[in-house]
Amino acid sequence: MSISTSSPCHTFSLAKSQDHFRSNPQNLSLIQVNPFPYTLPFHSCSSKLYKNFSKNNKLLQPTNASITSSSTSTVEKSPTNQAFRSKNPKDINVLVVGSTGYIGKFVVKELVKRGFNVIAVAREKSGIKGKYGKEETLSQLNGANVCFSGVTDLDELERNLENFGVGSIDVVVSCLASRNGGIKDSWLIDYEATKNSLTAGRKFGAVHFVLLSAICVQKPLLEFQRAKLKFEAELMQEAEKDEGFSYSIVRPTAFFKSLGGQVELVKDGKPYVMFGDGKLCACKPMSEPDLASFIVDSVLHEDKINQVLPIGGPGKALTPLEQGEMLFKLLGKEPKFIKVPIEIMDFAIGVLDFLVKVFPSLEDAAEFGKIGRYYAAESMLVLDPETGDYSAEKTPSYGRDTLEEFFQKVLTEGMAGQELGDQTLI
């Protein structure tokens, strides 16, 4: 028997019996990253601890970046030599990497819709476990110019762009993200491949870079967060060195799809599962089309130049408890909850940390456990560096799509097309 619960980005399945772990240590790696419905609730780092940490971590205090409750401020000095902003969108060449990823597909669609000349980089085998071939990818990215190439090898990327006939690039949009948050994969994709896209873009003349990051990098306790922050810092340094170059770093909160995993279960009469009392973690969930729209806004809008841009969806921040209550209300059912003790996560991580010393191959499994505990502790909202607390008021809102509308759609149509795919680890 197992207990499954989730964060805005991941689902975690843990065996309920300690004997089950002892009899088969490999079962400790059954931590599934999939779409269950809420941020995991308990806070492992106190406000005081965070304040001390942030003082010693310059990455948490990015240059030229400011956060306000309603908008981001414009940098004091605008980049020079960015004539592309005055062009017609059809004359602006936008390179998109991570174009076949979950958010990347929406970004390509939005760019095409707004009339940009899109060059989408895609692997020859894309999608979940490489199930899509070239024809499916071309159909999926309809309206874009698709350059088939890997991104983890800089020479390969630059060569394929040249062979594809790319003459110049104005803007790079990176939607790259590691598939599972594993240690090696995080540094390979969230840092190295993303840096390759910057280097290649600059070679072809790019003067603006839009990065899809994550709001959880505010408190970097995990490897993928450190990898993302390292690239963010280097991106900022690039803008400091070259007045003609700029960036926009987009840090979104939870996606709708990551909150919908229990909808069909509850519809079938199952209880809603949450950690603790369900009140400690909150987020401003955002639809994928709304996020894509915000990312594309960042291509041209001058108020988003050289900014770190945390962003959430419309409406108030919602806790897991409130999300569950919303779902039961839509179904016209009496709420039924299962409250999972946080100590289950602590136990699993303790065992994994011990086993990884003996079995190094469990290194990623241990990291997945830490990912689970992180999302059991942290809200997906702006973290106020002065107080060390998460602030719904300081988390900007954008878009029109609501979680309630999404839940209603899933109740009617199911979760088809909302799978996390390659982020499943089981």
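In this predicted model, the buried residues of helix 10 pack against four elements: helix 8 (263-267), strand 9 (272-275), strand 11 (337-340) and helix 13 (403-413). The buried positions of helix 10 are Pro-320, Leu-321, Gln-323, Gly-324, Met-326, Leu-327 and Phe-328. Helix 10 itself covers residues 320-331, and its length can be checked simply: at 1.5 Å a residue, its 12 residues should span 16 Å, and the end C-alpha atoms lie 17 Å apart, which agrees. Just after helix 10 comes Gly-332, with a positive phi near 70 degrees.

Aromatic rings offer a second view of the fold. A pair of such rings is described by the distance of the centres and the angle of the planes. The count comes to eight aromatic pairs. One of them joins Phe-209 and Phe-231, a tilted pair with 5.6 Å from centre to centre and 55 degrees between the planes. Phe-209 belongs to strand 7 (residues 208-212) and Phe-231 to helix 7 (residues 223-241), so this pair ties together parts that are 22 residues apart in sequence. Both of these phenylalanines are buried.

Phe-256 and Phe-406 also form a tilted pair, because their ring centres are 5.3 Å apart and their planes meet at 40 degrees. Here the link is between distant parts of the chain, 150 residues apart: Phe-256 sits in the loop between strand 8 (246-252) and helix 8, while Phe-406 is in helix 13. Phe-256 and Phe-406 are both buried, and ring pairs join them with Phe-407 in a cluster.

Charged groups meet rings as well. The charged end of Lys-257 sits over the ring of Tyr-102, 3.6 Å from its centre, and Lys-134 lies over the face of Phe-148, 5.2 Å from the ring centre.

Technical notes: Residues are numbered from 1 along each chain as its sequence is written. This is a predicted model: local features need pLDDT of at least 70, side-chain atom pairs count only at pLDDT 80 or more; totals for chains, interfaces and linings use all residues. Side-chain values use heavy atoms; hydrogens and water are left out. Helices (H or I, at least four residues) and strands (E, at least two) are DSSP runs, numbered from the N terminus. The expected span of a helix is 1.5 Å times one less than its number of residues. Buried means under 20% relative accessible area, exposed over 50%, partly exposed in between (1.4 Å probe, protein chains only). Contact means heavy atoms within 4.5 Å. Rings of Phe, Tyr and Trp (its six-membered ring) pair if their centres lie within 6.5 Å; planes under 30 degrees apart count as stacked, over 60 as edge-to-face and the rest as tilted. A charge sits over a ring if NZ of Lys or CZ of Arg is within 6 Å of the ring centre and within 35 degrees of the ring normal.
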